[in-house]
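Got the viewer open? Here's a short tour to follow, with something to select at each stop.

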Amino acid sequence: MTTWRVTRAVAGFFILLSLALGIPGSPVFVSQWWLAFTAFVGLNLLQSAFTQWCLMANMLKKLGIQPGC
């Protein structure tokens, strides 16, 4: 596993762990939509660490933005 894949796996794990530990009780909690977006980012990082496909990169390409995945 390459370094970027390990980094993505660790980052995705920590994002999902923070959601599981109860972000709504935090003073920086914004909204349910923010939690959904955060979960999407965490799952995307974790998933792209183990596969060659990155959903976020595909979405950015369709918007005309050069992704960093």
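We'll begin with the whole chain and then visit two residues.

**Whole chain.** Bear in mind as you click around that this is a predicted model. Switch to cartoon view and you should find three helices and zero strands, running α-α-α from the N terminus on. Now colour by burial: of the 69 residues in the protein, 22% are buried. Put a surface on and you're looking at about 5000 Å² of exposed area, with carbon and sulfur atoms supplying 73% of it. If you like contact maps, take the contacts with a separation of 6 or more: residues 24 or more positions apart account for 56% of them.

**Asn-44.** Next, select helix 2, residues 32-50, and pick out Asn-44 within it. Is Asn-44 buried or exposed? Its relative accessible area is 4%, which is under the 20% cut-off, so Asn-44 counts as buried. To see what Asn-44 touches beyond its neighbours within four places in sequence, show Cys-54, Leu-55 and Met-56 as sticks.

**Thr-51.** Now move on to the loop between helix 2 and helix 3 (55-62), where you'll find Thr-51. At 32% relative accessibility, Thr-51 falls between the 20% and 50% cut-offs, so this residue is partly exposed.

**Over to Arg-5.** Keep Thr-51 selected and add Arg-5. How far apart are Thr-51 and Arg-5 in space, C-alpha to C-alpha? Draw a distance line and it should read 9.2 Å, for two residues that sit 46 residues apart in sequence.

Key: Residues numbered from 1 in each chain as written. Predicted model: local features only at pLDDT ≥ 70, side-chain atom pairs only at ≥ 80, totals over all residues. Heavy atoms only, no water. Helix = DSSP H or I, 4+ residues; strand = E, 2+ residues; numbered from the N terminus. Buried < 20%, exposed > 50% of the residue type's maximum accessible area, 1.4 Å probe, protein only. Contact = heavy atoms within 4.5 Å. Areas by Shrake-Rupley, 256 points an atom, 1.4 Å probe, with all protein chains shown as cover.
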